[in-house]
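Dear colleague,

I am handing over the structure below, together with an account of what was found in it. Please read the notes that follow with the coordinates open beside you.

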Amino acid sequence: MSKRKRESNENDSVNVGLGATLAHLRGETQPNATSTAVEDDEGWTVAGGSKRRRKERTNSSSSRGNRRGSDAGAQDAHSSHARAVANPFVSDGEKLGDKISTLENPVSSSKDTSEGAPEKTTLTREERRKERKLERNYPSIEHSHHARLQSHVKITDLQALVLYLLADGNAPQWVSVRNRTGIRQVVMLMVPGLELGMFNGKVPLDAATSMDVDTAADQVPADATSVPQEVTPSEKITSNYLRIADNEFYPARLKSDKLPAALKPLSDIFDHVWPIKAQGEHRGNQFIRVHSPIHTMLTSQIPRSKEEKQMKKNGGHKGPMPQNSKHWDNKRTPITEYIATLAEQEENEYVLHPAWFLTPDSKAAALKQRQELGQSVEDGWVDTNVASLEDGKVPESEIEQGSVTAGRHIISIDCEMCKAENDQLVLTRISLLNWDGSVAMDKLVKPDVPIKDYLTQWSGITPAMLENVTTTLADIQKELLELITSRTILVGHSLNSDLNAMKLTHPFLIDTGILFPHPRGPPYKQSLKWLAQKYLHREVQKGSSGHDSVEDSKTCLDLVKQKCERGPKWGSGDTNAESIFKRLGRTTRPKADGTRTGAVIDWGEPQRGHGGQAQLSKGCKSDDEIVEAIDTAMKGAMEAKDGATDKVDFVWARLRELEIARGWWDDAKTPDVELIRQNALRRLGLLKIDEDEVEVKGTDLGKAVSRTINHITQIYDSLPRCTALVVYSGTGDPREIRRLQTMQQQYRREYATKNWDNLSVKWTDTEVQALSQACQDARNGVGFIVVK
């Protein structure tokens, strides 16, 4: 309520209430007894807006997120409600003389807005009540102009927003969420290739745009990131682009006249463009890498307990935190449950045993690939005597009750390697342990090629140790083929390196690097020393005399034994970090049976990687297929892994054609994914025979951006009402980081065996600074948020 001073000659307030309206229709006069302006004892008039007008303001503000109009029925309800403010009981267009005569229902949401429109289905009383309630409290996610941001919005903040909307996350402080329980589904769309420079003019999308590094976006003061500054008339920007820089904390409002033609459709959907930062890893003041925006989004950290926080606060604890076993229920599990799957072996670059391939054609293709890579019998490789995977099964009658080995023969392996003249790692020591910890083999091996670096600080091997050794790799392979049968399971840490040194393949493997995954997922792996300290409370690989292969082999064996006694979830990341889909799976849907479900829709085969933990996953080969799959998932028609269909609460998807056009996707890890990328380049007309690198600029880049924005628009149009759409770019251009990291790896390999003057690549402070700057540039991204 507010007050205003009444003048002596002020006219009486006009009553627009129900009684006055009916009296006006009947041509009667109404006394001023019911006026909303009331005089108080001090001569002031208390003037309060009508409830209907307050309701109008509330409804109009709640519908800002629905910029494009999500549903025809909702639009009719809003338009009819706006007409009801002036005269809630009279329809438009029907008059008797100078007076409007026809009365209408002021709360009806099923009226037609145009003459000749098709008749709509009459809503029941309960449906009309729910519709009115939704209009009063329509959910929205908006930037609050009163917010004071103290840091950049990060990808982890977007993840926290999703967990707040659908699970048990905390309320975000950087954005205003209204009626979060009304948001029924969330679609998270990753679009690599979008940059903030496209919005402020630094990245031209047409031939007429020139690159001006001295634009007003660069002239934003440093302190503008903490408090938004008011622009005086003399400082107003006259360019055709948004005034926003990479160092901004605050979003910029999307204005159609300030956007290139390719980006204009975004202003019809979203209110703001947000600067988003990707997570990075740094040492001191120098960044060394940028974390994957996919794993950052799809891996949720579990909050620490009070005891863990206090332990870190005291500062007396060094190394990893001990595994928290409080309230842990042990689940004794057979060791066969931990055998690495075909997908896991492929992802970790194992040479596959022929038993994995079931058809003659697939076996022939695998053999051809091994011959091309120098991993066939002609190159000294051997395969264990396993004809098929069925040979490894043990009859139930032969399995001792309660045995975790399930009738299998367990061998733990660890090898030590030295570097040969061709920079290949060659076997120099092998240690095998049985399940009971007894040593089955511990031998030194004389390589067939000269050794140029014994790597003593890691291998513990010296020239004197191999001086009188006559055992060769062929001798070791012969003994292994006699020792390893179809019922044997090999155990080790990063076992692929040991098998490569032995030039041996076997289908039944347990890798503690896979069994105890890194919280950030592949390709990161936790070291054996770290695992021993965290889970076994044991110090290994100490000192400068090198590793002990027997000690390392026993450490792997004890880790596997602990895993068998504790259960599959022990040390799998569930007690430190977990998939966002698992966290959503523990949340019950409001007013409905069942728990939240999630889906991953991506190029290639997402079920082999980041989509493995999702209830549903779909592989695609183009952005058009991605758009279609999202529509199918939101309609509840996507099939789960068990063949059933169910409603999807959270969808993570990725559009990659813009990333391909800009040349950012050049790191396909498997032949099948590289084939998909090459087909996409050919389909988009970007495949050039004489050029290895693909990058479009200017007008061609504008066309690629326009195609991607069109796909975003199609996804938005297909979403049901009350669905949150979050679009983020992930990272900036990653190519400079890849170049410098490749250079750093080559330097490390050469530095271990060559003098400084003989190095082909030198890693100095200049390269350190360049890598740090490349990481900081690649951390910059953009984001958009709306509720349809």
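Lysine 591 sits in the loop between α17 (580–585) and β24 (598–603), and in this predicted model that lysine is exposed, with a relative accessible area of 86%. Together with Lys130, Lys133 and Arg136, Lys591 forms a positive surface patch.

As for the chain as a whole, the protein has 23 helices and 28 strands, and buried residues account for 44% of its 788 residues. The chain exposes about 41,200 Å², of which carbon and sulfur atoms supply 48%. When contacts between residues at least 6 apart in sequence are considered, 69% of them join residues at least 24 apart.

Two helices deserve a description of their own. In helix α13 (residues 495–502), 6 of the 8 residues are buried, so the helix is largely enclosed by the rest of the structure. Those buried residues are Leu495, Asn496, Asp498, Leu499, Ala501 and Met502, and they pack against the strands β16 (409–420), β17 (425–434), β20 (488–492), β21 (504–505) and β22 (509–511), as well as against helix α12 (473–483). Lysine 503, which follows α13, has a positive phi, near 55 degrees.

In helix α15 (residues 528–536), the buried residues are Leu528, Leu531, Ala532, Lys534, Tyr535 and Leu536, and their packing partners are α14 (512–515) and α16 (549–566). Histidine 537, just after α15, takes a positive phi of about 50 degrees.

Which side chain of opposite charge is nearest to arginine 408, a residue that is buried yet has no salt bridge? The answer is glutamate 390, which is 9.0 Å away. Arginine 408 is placed in the loop between β15 (382–383) and β16, and, leaving aside its neighbours within four places in sequence, arginine 408 is in contact with Thr336, Ile339, Gly392, Lys393, Val394, Arg487, Ile489 and Phe508. Both Lys393 and Arg487 are in that list of contacts, and you may wish to look at this site with the charges in mind.

Alanine 245 is another buried loop residue, with a relative accessible area of 4%, and it lies between α6 (197–200) and β10 (252–253). The C-alpha atom of alanine 245 is separated by 9.5 Å from that of phenylalanine 199, although the two residues are 46 residues apart along the chain.

Turning to charge pairs, the count comes to 22 salt bridges. One of them is formed by arginine 662 and glutamate 195, whose closest N and O atoms are 2.8 Å apart. This pair links distant parts of the chain, 467 residues apart, with arginine 662 in the loop between α19 (657–661) and α20 (671–683) and glutamate 195 in the loop between β9 (185–190) and α6. Arginine 662 and glutamate 195 are both buried.

A further salt bridge joins arginine 332 to glutamate 565, with the closest N and O atoms 2.6 Å apart. Here too the pair links distant parts of the chain, 233 residues apart, since arginine 332 is in the loop between α8 (306–314) and α9 (342–347) while glutamate 565 is in helix α16. Arginine 332 is partly exposed, with a relative accessible area of 47%, and glutamate 565 is also partly exposed, at 36%.

Glutamate 695 and arginine 735 likewise meet through their side chains in a salt bridge, at 3.2 Å from N to O. Because glutamate 695 lies in the loop between α20 and α21 (698–718) and arginine 735 in helix α22 (residues 735–751), the pair ties together parts that are 40 residues apart in sequence. Glutamate 695 is partly exposed, with a relative accessible area of 39%, and arginine 735 is partly exposed as well, with a value of 22%. Finally, Arg429, Asp442 and Asp548 are joined into one network by salt bridges that share partners.

With best regards

Key: Residues are numbered from 1 along each chain as its sequence is written. This is a predicted model: local features need pLDDT of at least 70, side-chain atom pairs count only at pLDDT 80 or more; totals for chains, interfaces and linings use all residues. Side-chain values use heavy atoms; hydrogens and water are left out. Patches are made of residues with over 30% relative accessible area and no salt bridge: like charges are joined within 9 Å, nonpolar side chains (Val, Leu, Ile, Met, Phe, Trp, Tyr) within 5 Å. Accessible areas come from the Shrake-Rupley method with a 1.4 Å probe; for residues, only the protein chains shown count as cover. A salt bridge is a side-chain nitrogen of Lys or Arg within 4 Å of a carboxyl oxygen of Asp or Glu. Lys and Arg count as positive and Asp and Glu as negative; His and the chain ends are not counted. The place of a charge is taken as NZ of Lys, CZ of Arg, CG of Asp or CD of Glu. Helices (H or I, at least four residues) and strands (E, at least two) are DSSP runs, numbered from the N terminus. Buried means under 20% relative accessible area, exposed over 50%, partly exposed in between (1.4 Å probe, protein chains only). Contact means heavy atoms within 4.5 Å.
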